[in-house]
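Good morning, colleagues. Please take a moment with the sequence and the structure before I begin my remarks.

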Amino acid sequence: MASLTVLLRHSGKWNDEGNYIDFSIEGIPIKEYASFNDLIASISNQLGIDLSSKTIKIQYKVEENCTPMEIHNDMGYRVYVELKKENREFGMYPLCITTIEKDLISGGEAIGVFELHKDLIISKTDQKEVMTGQVYKDKATLKEVMENYAIAQRFQLRIDRSNAVSYALLCISEDCEWRFKASSINKSELFKVREFNDNHTCLPKDKVYEQRQVINHKWKYTPRDIIDDVKSDLGVDVSYMLAWRAKEKAMNFSRGEPANSYKNLPGYLYTMDMTYPGSHIRMVKSPKNDFMYVYISLYACIRGFDHCRPIVVVDGSHLKSYYTGTFVSASTLDGAGHILPLAYGVIDSENDAAWTWFFEQFKITYGERENMCIISNRNESIIKSNNVYKKFKKSHAKLSEIYFSMAKTYTQAEFDSLMEKVEKVDITVKEYLELVGYEKWARLYVPVNRGWIMTSNIAESTNVALVSARELPIYNFLEEVRKMFGRWNCSNRKEATQTYTALRKKYKEMLTLNEAMSTRMTVVPSTEYLHTVNDGGRNYTVCLLERKCVCGRFQVDELPCPHAWAVLKSKFLMPEEYCSNYYKPNTIVMTYDVPVYPLPDRNDWNIPEHVVGEVVLSPKWKRPPERPKNKRDKTLRKLLQPKNQHSCSICG
């Protein structure tokens, strides 16, 4: 009886966009003429699911943007088999498995979004009425609703319990009977109100809500909000400019005057230097004591880089505070795929002098490692790089998938075949890519192993995480950056120390997938280390001694490809021994061996007189009085385009 090999995705969840995420993978064979019950039995046996207490929901997607289809009877199974027969590739049409407790179903409990009509789920934080039985889209929404509710009812809350699956609140008064309890629905993101006693038994003076200063920089309160609130609370109309000035005055009162923030830098940087010995922290001023640049590399990051690939991603993003400036950072990925910040700072703008100074400080800090690679964005002061999207907009839609496939290809034959397709669509694109240089964007031609870091996305992720903080004065902003990197250091170290397998989960799953793909391959040994692997009629040479395969994946990914897997199984060898040490938990633990300790309270700083007396003035240039831009300007001088005769000689 004919069989098909199917990829299973399990232990994940469906997001709002209809995509199955955060999953683990397995592989099973299914018979062409089996029944739906046979499929259920195969999946439950492979995943170890007890069907006496649980049921299985099986879904798959025919196309990326389509609604998931469910297999729930023999007819649905036949449709899937016919579809799978048309494309037998292992990774096509994976089955997404959701496990559901039977007692929760019989009790009427909603297990996920698919079992509760979306109109009944509260997703907005302006919900005024709170009652038992309400379902909120996530804990964050529920938390904000209850905070607003307490403000509106003029009483203070205290948290009795708060974790990933429960949220309980009490009145600030110890003797009050007011209480609120909510918990997640079957450990999903949905939160349901289980109990709500809205009766206050405390005295009015005990529950009165005291006005507290809001200093969370992520809290957005616009002039339009001020206008609406003044109208609602006081019945008075105020102009937009009056509301804007009131907001600016309140923000300066809360955060301090922007110019004073620069005066705090010497003491702040000195305290960091004392708290983190071995760090590299520098600041540059103009001859008139105007602030120009600051560079910070914490010792914890300096030590951690020794246990990561020497691949560095740099990027810059504009600050949106009262004074102009650019936040710049250098990052890498640790063995678990988490961002490890290496250096950060503030410069006046992305120009040659500023970037040169930043890289000089980086070189002093980290030196030069063998096979080091710097990956940047398109900034002209760093490198003239390619931008197919902007230059060839008409051809971009057709070439996008081909281009990214070329960038990630492992062999010359694959690269040449894809380049022929590019030439057929637009030969000028091929000429442009040749002129730019394949080594700048194609993994096959890069002289060093970049691993999976092909873009500057990890630096962009850091910028996105700081999008609200970039509106703060420089001292507050730098402190937010330090605290965020400290949180990352702590969580990544905790995750690494609690990993008890030979490999991280991500790479274990990749090995499992490669093993499933190797099942039909045959191995012919030539020497103790050299083997020929036949894969669908094509021969591949694998060398275990040099950890190489002609498919290119073994040496680039630094873990056994399907062909290497076939050889290792034939020799009864453990695949983990042939994986890069970067992927192993002990290496990741050493990456975060040094923690980022908290800074002392500002009142406890012991700063020498010469540091206290150092003068740092605010920069010369201020931000124009308009709404800060959320997106960058397009590059003014694009590669291969002549310079505009009427452009500015200074900025281009």
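**Salt bridges, a sheet and a surface patch**

Arg553 counts as partly exposed, at 25% relative accessibility. I begin with this residue and its salt-bridge partner. Please bear in mind throughout that the model is a predicted one.

The side chain of Arg553 meets that of Asp557 in a salt bridge, with 3.6 Å from N to O. That distance falls inside the cut-off, because a salt bridge requires the nitrogen to be within 4 Å of the carboxyl oxygen. Both residues belong to helix α19, which covers residues 553-557, and they are 4 residues apart, about one turn of the helix. Asp557, in contrast to the partly exposed Arg553, is buried, with a relative accessible area of 3%.

Let me now place this pair in its context. The chain has 652 residues, and buried residues make up 42% of them. It contains 22 helices and 23 strands. The accessible surface amounts to about 36,200 Å², and carbon and sulfur atoms account for 51% of that area. Of the contacts between residues at least 6 apart in sequence, 62% join residues at least 24 apart. The count of salt bridges comes to 17.

Which residues are linked in a network of salt bridges? They are Glu32, Arg78, Glu82 and Lys85. Within this network, Lys85 and Glu32 form a salt bridge through their side chains, at 2.7 Å from N to O. Lys85 lies in helix α2, residues 74-86, whereas Glu32 sits in the loop between β4 (24-31) and α1 (36-47), so the pair ties together parts that are 53 residues apart in sequence. As for exposure, Glu32 is buried at 7% relative accessibility, while Lys85 is partly exposed at 27%.

Arg78 and Glu82 form another salt bridge, and their closest N and O atoms are 3.0 Å apart. Here both partners lie in helix α2, separated by 4 residues, about one turn of the helix. Arg78 is partly exposed at 26% relative accessibility, and Glu82 is likewise partly exposed, at 37%.

Helix α2 also contains Met75. Is Met75 buried or exposed? Its relative accessibility is 60%, so Met75 counts as exposed, the threshold being over 50%. Together with Val62, Met69 and Val79, Met75 makes a nonpolar surface patch of about 340 Å².

I turn next to the sheet. Six strands form an open sheet with mixed pairing, in the order β8-β9-β13-β12-β11-β10. The edges are β8 (121-122) and β10 (157-162); each has a single partner strand, so one side of each is left without a neighbour in the sheet. In general, strands of a sheet pair through backbone hydrogen bonds, in either a parallel or an antiparallel manner.

One pairing in this sheet can be described in detail. Strand β12, residues 179-184, and strand β13, residues 191-197, are paired in the antiparallel sense over 6 bridges. Which residue of β13 is the bridge partner of Phe180? That partner is Phe196.

Finally, which helix lies across these strands? Helix α4, residues 139-153, lies across β8, β9 (135-136), β10, β11 (166-171), β12 and β13. With respect to β11, helix α4 runs at about 10°.

Thank you for your attention; I am glad to take questions.

Technical notes:
Residues numbered from 1 in each chain as written. Predicted model: local features only at pLDDT ≥ 70, side-chain atom pairs only at ≥ 80, totals over all residues. Heavy atoms only, no water. Helix = DSSP H or I, 4+ residues; strand = E, 2+ residues; numbered from the N terminus. Buried < 20%, exposed > 50% of the residue type's maximum accessible area, 1.4 Å probe, protein only. Contact = heavy atoms within 4.5 Å. Areas by Shrake-Rupley, 256 points an atom, 1.4 Å probe, with all protein chains shown as cover. Pairing = 2+ DSSP bridges. Axes fitted to C-alpha atoms, helices over the stretch in contact; angles between N-to-C directions. Patch = residues over 30% accessible without salt bridge, like charges linked within 9 Å, V, L, I, M, F, W, Y side chains within 5 Å.
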